[in-house]
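Hi everyone, thanks for coming. Please have the structure open on your screens, and stop me whenever something is unclear.

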Number of protein chains: 2
Amino acid sequence: MQRYFIEAVAQVNDIVQLSEADSRHLLRVMRAKNGEKVIVVTNHTPFEAEVIEGDPLAHVRLVRELEQASELPVQVTIACGLSKHDKVETIVQKATECGMHEFVPLTLKRDIVKWDGKKANQRVERLAKIAKEAAEQSHRTIVPEVQPLRNLRSLLAVSSLYDIKLVAYEETAKTGAHTALKQIAQQLQTDQKVLVVFGSEGGLAPEEVAQLLEAGFTPCSLGPRILRAETAPIYLLSALSYQLEL
Amino acid sequence: MQRYFIEAVAQVNDIVQLSEADSRHLLRVMRAKNGEKVIVVTNHTPFEAEVIEGDPLAHVRLVRELEQASELPVQVTIACGLSKHDKVETIVQKATECGMHEFVPLTLKRDIVKWDGKKANQRVERLAKIAKEAAEQSHRTIVPEVQPLRNLRSLLAVSSLYDIKLVAYEETAKTGAHTALKQIAQQLQTDQKVLVVFGSEGGLAPEEVAQLLEAGFTPCSLGPRILRAETAPIYLLSALSYQLEL
């Protein structure tokens, strides 16, 4: 069944209205008729819902609450350096499928592209849209939040809000020290907040790694092969899912 | 260091010649001069090598054998239904980074595209090139083989060559039975051959699932979220790497 997120808080038997974009998708693209069933997610809870009116905005009635078990038991924030746009979009899409809680675009020394002023806001909006679509498609009950662009200093300033802080660093992979991630993953507690920093395609500069380590980040390897910038976050989230959900 | 695969079997102090494409990459793109170091992989063994001559083909002398530890301890074959071409290419590239041993393009009932005759061969050649480049980039010591297009009957006919046979099936994910993959992964032995079947974007048809189960395949979930066709193989390989390499 098609899945839509709404902002209003609602319960069984309530009639709610979908957004303009979602109404267009449901009525024009999916050609839904009155009586058809969809899933509507509100306040992290999925409901089976029935289309009751469709012109011009779709109205649906919440029929029953569905069991929800599609969220990783920990909240993982992925902070990534700026690779080419399609790669950042790939990361947000795939990481949303794999259970990411929040995405932070991070400007680093070796970034491949720059995001300036207005462009930065447009990029964040576009990534938020990709996250919403991927959340619907992968049956999430939350849409990962895409934060505004941060620099490393600004990220470090809020990093104490996280219980676990990791940095994926390929030099660690080369030394053969591969156990840090597993050791940490095996001790994760439900609802802990995990922040993981990844470089762009250009990698992390040694002084950035030094700053991260000084701020209490643990360097971790993602295995003995060198992963591309857009593959590394998927590896990490898949590994956490395997540890915590299978 | 840049990494190239050669077909000739060689040992330390031997002088070997790179292929035309690799010579062009090394000399024109990377602008390597005599005396520069590269990594050359022959017969699954990586060597540090020195450029000794570069016109028109690059000749390098093998200086010393490097420690090799970049291969998954099990041989994983990924067999996938035919999604749109860029998605199949993404699967081959990312699965190579994540340690795939072999790729089988599989024609299934709900395929999104068809590969006919000559086009099938061209697609396989193109995928083989992507696998080679991804193997070099990710520091593999083997290039995953891309097999010719198979149908399900032909795959089942050779499936007894594999020690472990899995099918990723999203209906399993929906029932909440998520433990099969972990149970199997925890019992894997070094060098075992693992075959995993994935549907295309269109999914597997129920009768195909029935045939696979009858042939001894174990259905497995990749967690509670619905993954796209191109994400599922990366999740699987990341999970196996986490279990076996971290």
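I'll talk about a sheet, then a helix, and then the contact between two chains. Please keep in mind that this is a predicted model.

Let's begin with the sheet in chain A. In what order do the five strands lie? Going across, you meet S1, S3, S4, S5 and S2 of chain A. The sheet they form is open, and its pairing is mixed. At the edges sit strand S1, residues 3–5, and strand S2, residues 15–17, of chain A, each pairing on one side only. From one strand to the next, the twist averages 40°.

Now look at one pair in that sheet. Strand S4 of chain A covers residues 45–54, and strand S5 of chain A covers residues 58–65. The two run antiparallel and are joined by seven bridges. If you'd like one bridge to find for yourself, start at Gly54(A): its partner in S5(A) is Ala58(A).

Next, the helix. Helix H1 of chain A, residues 20–29, lies across S1, S3, S4 and S5 of chain A. Against S5(A), helix H1 runs at about 85°.

Finally, let's turn to where the chains meet. How many residues does each chain bring to the contact? Chain A gives 31 residues, and chain B gives 31 residues. On the chain A side, helices H2 (85–97), H6 (180–185) and H8 (232–245) each supply at least two residues. Which element gives the most to that side? H8(A) does, with eight residues. Sorted by class, the side of chain A that touches chain B has 11 nonpolar, 13 polar and seven charged residues.

That's my tour, and I'm happy to take questions.

Definitions and conventions. Residues numbered from 1 in each chain as written. Chains lettered and ligands numbered in written order. Predicted model: local features only at pLDDT ≥ 70, side-chain atom pairs only at ≥ 80, totals over all residues. Pairing = 2+ DSSP bridges. Helix = DSSP H or I, 4+ residues; strand = E, 2+ residues; numbered from the N terminus. Axes fitted to C-alpha atoms, helices over the stretch in contact; angles between N-to-C directions. Contact = placed C-beta atoms within 7 Å. Nonpolar A, V, L, I, M, F, W, Y, C, P; charged D, E, K, R; others polar.
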